[in-house]
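I opened this notebook to keep track of what I looked up, one topic to an entry. The entries follow the order in which I went through the side chains.

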Amino acid sequence: MAGQVITVAQQKGGSGKTTLAAHLAVGFRAEGKTVALIDLDPQGSLGRWYMTRLDKDPALCEGLEFTTSSAWGIALECRKLTASHDLVIIDTPPKADSDLRPALRVADLVIVPVSVSQVDLWATEGVLDLAHRENRKSLLVMNRSRAGTRLVAEVEQAAQSLDAPMAQASLANRVGYAEAIGHGSTILEGRKSPAQKEVLDLVADVTRHLQG
């Protein structure tokens, strides 16, 4: 059975796409799934995370493959990788235009991280519009959330008006996420913490949407 493709996309930079992609990848690996990562972003943050991880301990990359691709080559790359991996996760550049469409077209699920601001919410509309044009399923994920604040409540309420479901799980605004990524790691590989539950809950949520 061919693997499934998750495309992480957001028009606005700094939304946490790479952090989300890396944590999902390691979360799925913890479940025994093989995962391939594709970096479409010229900035190459996901690639730097992977190479830092590989340099630290090659065993950390077992069952976790990495490659880069151009927008025009993504369909071929995904065909090759889904033949040998359970999941392919694509990290995209911060844009919402025709260059993004090939990465949306190959996706079984488009994940759109939304940091807690109205600006991020506005930027989300363009990505969702392209995903809908490609008839792809989308899932909004609240990122850098601050529980109990009025802004979170306002953004969550506004997000419900968009034509896409919101994940029940969300990632809180924690310094540990960025620190882990900088060391080629994830929050899942540190001491037990509430953040680990956030990621595992999100992995379970994404799995349900992939199967639905």
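The entries below cover an aromatic pair, cysteines, salt bridges and three single residues.

**Entry 1, the model.** I note before anything else that this is a predicted model, and I read every value below as computed from that model.

**Entry 2, aromatic rings.** I searched the whole structure for aromatic pairs and found one. The rings are those of Tyr 50 and Phe 66, with centres 5.4 Å apart and planes at 25°, and because planes under 30 degrees apart count as stacked, I entered the pair as stacked. I then looked up where the two residues sit: Tyr 50 is in helix H2 (residues 45–56) and Phe 66 is in strand E3 (residues 64–68), so the pair ties together parts that are 16 residues apart in sequence. For Tyr 50 I also took down the relative accessible area, which is 9%, so I list Tyr 50 as buried.

**Entry 3, cysteines.** How many disulfides does the structure hold? I found zero. Cys 61 is in no disulfide, and the nearest cysteine sulfur to that of Cys 61 belongs to Cys 78, 19 Å away. Why does Cys 78 make no bond with Cys 61? The sulfur of Cys 78 has its closest cysteine sulfur in Cys 61, and the 19 Å between them is too far for a bond. I checked burial for both: Cys 61 counts as buried at 8% relative accessibility, and Cys 78 is buried with a relative accessible area of 4%.

**Entry 4, salt bridges.** I counted nine salt bridges in the structure and wrote up three of them, beginning with Arg 101 and Glu 134, whose closest N and O atoms are 2.8 Å apart. Arg 101 belongs to helix H4 (residues 101–105), while Glu 134 is in the loop between helix H5 (118–133) and strand E6 (138–143), so this pair ties together parts that are 33 residues apart in sequence. Arg 101 counts as partly exposed at 23% relative accessibility, whereas Glu 134 is buried at 13%.

The second bridge is between Lys 197 and Asp 201, with the closest N and O atoms 2.7 Å apart. Both residues lie in helix H8 (residues 194–211), four residues apart, which is about one turn of the helix. Lys 197 is exposed, with a relative accessible area of 54%, and Asp 201 counts as partly exposed at 33%.

The third bridge joins the side chains of Arg 208 and Asp 205 at 3.2 Å, N to O. These two also both lie in helix H8, three residues apart, again about one turn of the helix. Arg 208 is partly exposed, with a relative accessible area of 45%, but Asp 205 counts as buried at 2% relative accessibility. I also noted that salt bridges that share partners join Arg 101, Arg 105 and Glu 134 into one network.

**Entry 5, Lys 17.** I placed Lys 17 in helix H1 (residues 17–30). Is Lys 17 buried or exposed? Lys 17 is buried yet has no salt bridge, and the nearest side chain of opposite charge is that of Asp 41, 4.6 Å away. Because a salt bridge needs a nitrogen within 4 Å of a carboxyl oxygen, I did not enter Lys 17 and Asp 41 as a bridge. A polar atom of the Lys 17 side chain does lie 3.4 Å from the backbone oxygen of Thr 92. Neighbours within four places in sequence aside, the contacts of Lys 17 include Val 8, Gln 10, Asp 91, Thr 92 and Pro 113.

**Entry 6, Thr 82.** I found Thr 82 in helix H3 (residues 74–82), buried with a relative accessible area of 11%. A polar atom of the Thr 82 side chain lies 2.7 Å from the backbone oxygen of Cys 78, and the side chain of Thr 82 also reaches the backbone oxygen of Arg 79 at 3.4 Å. Beyond four places in sequence, Thr 82 is in contact with Ala 2, Gly 3, Val 5 and Val 88.

**Entry 7, Gly 63.** My last look-up was Gly 63, which is in the loop between H2 and E3 and is partly exposed, with a relative accessible area of 29%. The C-alpha atoms of Gly 63 and Asp 86 are separated by 9.9 Å, the two residues being 23 apart along the chain. Leaving aside neighbours within four places in sequence, I recorded contacts of Gly 63 with Arg 29, Lys 33, Thr 34 and Val 35.

How values were computed
Residues numbered from 1 in each chain as written. Predicted model: local features only at pLDDT ≥ 70, side-chain atom pairs only at ≥ 80, totals over all residues. Heavy atoms only, no water. Phe/Tyr/Trp six-rings, centres within 6.5 Å; stacked < 30°, edge-to-face > 60°. Buried < 20%, exposed > 50% of the residue type's maximum accessible area, 1.4 Å probe, protein only. Disulfide = S-S within 2.5 Å. Lys, Arg positive; Asp, Glu negative; His and termini not counted. Polar contact = N/O pair within 3.5 Å; in protein donor to acceptor, adjacent residues only side chain to side chain. Contact = heavy atoms within 4.5 Å.
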